[in-house]
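Work through the exercises below with the sequence and the structure open. Each task is followed by a solution in steps.

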Amino acid sequence: METRKGKPRILTGDTPTGRLHLGHWVGSVERRVQLQGDYDCYFLLANMHAFTTRADQPAEIRRDTIEIVKDWLAAGIDPERSTIVLQTEVPAIAELTWYFAMLLSFNDVMGNPTLVHELETKGLAGKHSFGFPMYAVGQCADILAFRPVYVPVGEDQEPHIEMCRKAARKFDQLYCGVPDRTRDEDYEKAGGVFPIPRALIGRVGRLPGVGDGRQKMSKSLNNAIFLSDDPRDVQKKINRITTGRQSPTEPGDPDNVLFEFVEAFIADEGRVAELKDRYRRGDNLGDGHVKQEVAAAINTLLEPMRARRAQFDRPGGDDVIVDIIRAGTGRANATAEETLYMAKKAMKLDFGRRVLG
Ligand code: TRP
């Protein structure tokens with residue numbers, strides 16, 4: 001568990017599907033920025049996973065990959081302290097995916113609730129590629145290649161982390177002689193190659209999109225506020241939130257979508273309590289006013305991100321990003337190759353130690 005920097009590791013990542021939005025921020029990215037000081041952090045660009053549904057869009061996937069790194073850096077991820085990893089340049093991940101695929105049952109993978117949900121909501125049922133369900137197994141390898149203690153993710157990823165834990169236990173029991181009654185936190189001490197990593201769910205498990213609040217915030221549902229949106233767009237999008245309340249003097253129930261935003265983005269708890277109280281009593285507090293305060297709070301959060309992003313949104317900016325990806329991936333390969341060697345040794349596959357050029 002101790003690393004070259006003497007800190008426990010964490011790993012998490014994003015599939016490049018477009019720009020990051022506020023749901024990503026409150027669900028995971030905010031957490032990552034905070035954890036950088038105390039943990040040796042690996043942040044993975046899951047570009048291989050993007051190909052499982054968009055194999056026909058290589059140029060878009062490349063663009064989305066670069067954009068996501070800009071969002072990370074804008075959000076405060078520091079490439080000097082944390083390691084940015086490009087999945088397709090880490091061969092150990094692809095290899096470990098094969099080995100884990102043989103430790104998980106076909107029915108467990110196909111029944112993974114997140115996969116099942118995606119098949120339904122993305123209209124993929126019956127049409128998806130053979131590689132699509134493989135991404136869930138690949139995600140076990142993404143994580144375990146770095147032997148982290150924690151995986152900070154949004155609520156929707158929990159089934160994947162559970163599957164990863166299952167694969168790690170199975171590996172350690174089968175190839176390292178770890179007894180099956182071992183407590184999760186003791187697997188490495190008991191001789192296992194892999195720790196049993198734990199999910200760290202973000203401050204807000206599920207942020208609704210702008211609208212009536214029934215759907216979660218998502219780019220494809222067109223209800224997202226992006227980290228790179230300008231102040232006017234933020235206000236316009238916040239104005240799309242509907243509560244059904246008619247007038248500022250009508251007593252309102254703050255258990256609504258607008259107040260989910262209040263809770264998520266207005267940091268001053270006293271102010272949140274006051275707004276709720278006045279809303280409940282119908283004390284001359286209109287939705288419009290609350291929306292202005294919410295938009296202002298979001299803009300205060302996003303302003304430093306916009307400033308940092310501007311450094312990369314100019315000619316030559318993409319090259320800087322590619323250099324950052326290369327440097328991080330080089331460091332990541334040192335860790336992942338070490339893990340792969342340990343795993344292959346446990347599997348009696350230590351016929352030669354590979355050195356990546
Ligand atoms: N599946 C994750 C998502 O869609 C992205 C991801 C890929 C990931 N590999 C990972 C997250 C490993 C955490 C750990 O958001």
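**Exercise 1. A strand and its two sides**

Which residues point one way from β2, which point the other way, and are they buried or exposed?

Solution. The model is a predicted one.

Step 1. Sort the side chains. Asp-40, Tyr-42 and Leu-44 are on one side of β2, while Cys-41, Phe-43 and Leu-45 point the other way.

Step 2. Relate this to the general rule. Side chains in a regular strand alternate between the two faces of the sheet.

Step 3. Check the burial. All of these residues are buried, and β2 is accordingly described as mostly covered, with six of its six residues buried.

**Exercise 2. The partners of β2**

Find the strands that pair with β2, and give the sense of each pairing.

Solution.

Step 1. Start with β1 (residues 9-14). β1 pairs with β2 in the parallel sense, over six bridges. In this pairing Asp-14 stands opposite Leu-45 of β2.

Step 2. Follow the chain between these strands. Helix α1 (residues 22-35) joins β1 and β2 in a β-α-β unit, which is right-handed.

Step 3. Go on to β3 (residues 83-86). The pairing of β2 with β3 is also parallel and has four bridges. Tyr-42 is opposite Thr-83 of β3, and Phe-43 is opposite Ile-84.

Step 4. Sort the side chains of β3. Thr-83 and Val-85 point one way, Ile-84 and Leu-86 point the other way, and all are buried.

**Exercise 3. A helix and its cover**

Which residues of helix α4 (residues 91-101) are buried, and what covers them?

Solution.

Step 1. List the buried positions: Ala-92, Ile-93, Glu-95, Leu-96, Thr-97, Tyr-99 and Phe-100.

Step 2. Apply the helix repeat. An α-helix has 3.6 residues a turn, so residues three or four places apart point the same way.

Step 3. Identify the cover. It includes β2 (40-45), α7 (131-144), α8 (158-176) and α13 (317-346).

**Exercise 4. Domains and cores**

State how the protein is divided into domains, and find a core that draws on both of them.

Solution.

Step 1. Mark the domains. Domain 1 covers 9-206 + 316-346, and domain 2 covers 231-310. Their C-alpha centres are 34 Å apart.

Step 2. Look at the contact between the domains. Here 14 residues of domain 1 are in contact with ten residues of domain 2.

Step 3. Turn to the largest nonpolar core, which has 58 residues. Leu-22, Leu-207, Ile-238, Phe-261, Phe-265 and Ile-298 touch the most other members. Each of the two domains gives at least three residues to this core.

Step 4. Note the other core. A second, separate core has 47 residues, including Ala-92, Leu-96, Val-178 and Ala-332.

Step 5. Return to Leu-22. Leaving out residues up to four places away in sequence, Leu-22 touches Leu-207, Met-217, Ile-225, Leu-227, Phe-265, Ile-298, Leu-301 and Leu-302.

**Exercise 5. A buried glutamate**

Why does Glu-118 count as buried, and with which side chain does the side chain of Glu-118 make a polar contact?

Solution.

Step 1. Locate Glu-118 in helix α6 (residues 113-121).

Step 2. Compare with the cut-off. Glu-118 has a relative accessibility of 16%, and buried means under 20%, so Glu-118 counts as buried.

Step 3. Find the polar partner. The side chain of Glu-118 makes a polar contact of 2.5 Å with the side chain of Tyr-135.

Step 4. List the contacts, not counting residues up to four places away in sequence: Glu-118 touches Gly-123, Leu-124, Phe-132 and Tyr-135.

**Exercise 6. Three positions outside the helices and strands**

Classify Thr-242, Asn-222 and Lys-348 by accessibility.

Solution.

Step 1. Take Thr-242, in the loop between α9 (231-238) and α10 (257-265). Because its relative accessible area is 45%, Thr-242 is partly exposed. Apart from neighbours within four places in sequence, Thr-242 is in contact with Gly-211, Asp-212 and Val-257.

Step 2. Take Asn-222, in the loop between β5 (198-201) and α9. With a relative accessible area of 62%, Asn-222 is exposed. Asn-222 is not a glycine, yet has a positive phi of about 60°.

Step 3. Take Lys-348, in the segment after α13. Lys-348 is exposed, at 67% relative accessible area. Lys-348 is not a glycine either, and has a positive phi of about 60°.

How values were computed: Residues are numbered from 1 along each chain as its sequence is written. This is a predicted model: local features need pLDDT of at least 70, side-chain atom pairs count only at pLDDT 80 or more; totals for chains, interfaces and linings use all residues. Side-chain values use heavy atoms; hydrogens and water are left out. A nonpolar core is a set of buried Ala, Val, Leu, Ile, Met, Phe, Trp, Tyr and Cys residues joined through side-chain atoms within 4.5 Å. Buried means under 20% relative accessible area, exposed over 50%, partly exposed in between (1.4 Å probe, protein chains only). Domain bounds come from an automatic or database domain assignment. Contact means heavy atoms within 4.5 Å. Helices (H or I, at least four residues) and strands (E, at least two) are DSSP runs, numbered from the N terminus. Two strands pair if DSSP finds at least two bridges between them. A crossover is right-handed if, with the strands pointing away from the viewer, the path from the first strand over the helix to the second runs clockwise. A polar contact is a pair of N or O atoms within 3.5 Å; within protein, one must be able to donate a hydrogen and the other to accept it, and residues adjacent in sequence count only if both atoms are side-chain atoms.
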